[in-house]
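Visitor: I would like to go through the side-chain contacts of this protein slowly, one pair at a time. Could you show me the model before we begin?

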Amino acid sequence: VRRFWRPSCADELVGDAGSRVRPGPGRLCETAVVRLFVAVTPPDTVLDAVARLRRPARPGVRWTTREQWHVTLRFLGEVDDPAPVVAALDRAGLPAAEARIGPRVGLLGRGVVMLPVAGLDGLAAAVVAATAGIGEPVGDRPFRGHLTLARVRRGGSARGLLGEELDRTFAVREVALVRSHLGAGPARYEVLHVRGLDPAPSAGA
């Protein structure tokens, strides 16, 4: 029997190998379309360093919060049922990685103030391959790992916000399937599923 996503069911959904699927709070049990992405969250030591960066108040610039800091590996968009995504992630070979964030604040496109994150290309490609056919098409855009610090709206300027240095490395040992709740104010993120990554093969194995 197929298990549909019910975002407010009291029981916890469990993926393959006992991996966790966290139900969300809310109304009575009901099926719902959900907006999803797969992401890596840096450890607290790295997030503490990010939090120490300058964040000057400026018209037209909206800073993200610590709860929103992550590196998106695959944006899925609106999905009827997260269960196939969970199953795809659990079945896939997803390698552990070492990531480097920095070395300085930069600009992605015209309006995203961010920190680049390197070292996740292989993991992102594995996630994309595992979830092919689910959600929005990935297209031909190359993966550009980054952590979004702020968004600059029309009329705003990133002048003076770029170039601050931060350079850290961190081990990536899990990825998360995350639901994005949109509405008035900043987006709110809810972790639905955590998938531990496969350990790197030992030298000489």
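Visitor: How far apart, N to O, are the side chains of Arg 195 and Asp 198 in their salt bridge?

Guide: This is a predicted model, in which local features need pLDDT of at least 70, side-chain atom pairs count only at pLDDT 80 or more, and totals for chains, interfaces and linings use all residues. Residues are numbered from 1 along each chain as its sequence is written, and side-chain values use heavy atoms, with hydrogens and water left out. A salt bridge is a side-chain nitrogen of Lys or Arg within 4 Å of a carboxyl oxygen of Asp or Glu. The side chains of Arg 195 and Asp 198 meet in such a bridge, with an N to O distance of 3.4 Å.

Visitor: Is Arg 195 buried or exposed?

Guide: Buried means under 20% relative accessible area, exposed means over 50%, and partly exposed lies in between, using a 1.4 Å probe and protein chains only. Asp 198, with 28%, is partly exposed. Arg 195 has a relative accessible area of 7%, and therefore it is buried.

Visitor: Which residue forms a salt bridge with Arg 54, and how many residues apart in sequence are the parts that the pair ties together?

Guide: The closest N and O atoms of Arg 54 and its partner, Glu 164, are 3.5 Å apart. Helices (H or I, at least four residues) and strands (E, at least two) are DSSP runs, numbered from the N terminus. Arg 54 lies in the loop between helix 1 (44–51) and strand 4 (61–63), and Glu 164 in the loop between strand 9 (146–152) and strand 10 (168–172), so the pair ties together parts whose separation in sequence is 110 residues.

Visitor: Which residue forms a salt bridge with Glu 98?

Guide: Glu 98 belongs to strand 6 (residues 97–101), while its partner is in the loop between strand 10 and strand 11 (174–181), 75 residues apart. The closest N and O atoms are 3.0 Å apart, and the partner is Arg 173.

Visitor: Why is the pair of Phe 37 and Tyr 189 given the name it has?

Guide: Rings of Phe, Tyr and Trp (its six-membered ring) pair if their centres lie within 6.5 Å, and planes under 30 degrees apart count as stacked, over 60 as edge-to-face and the rest as tilted. The structure holds one aromatic pair. Because the rings of Phe 37 and Tyr 189 have centres 5.2 Å apart and planes at 80°, the pair is edge-to-face.
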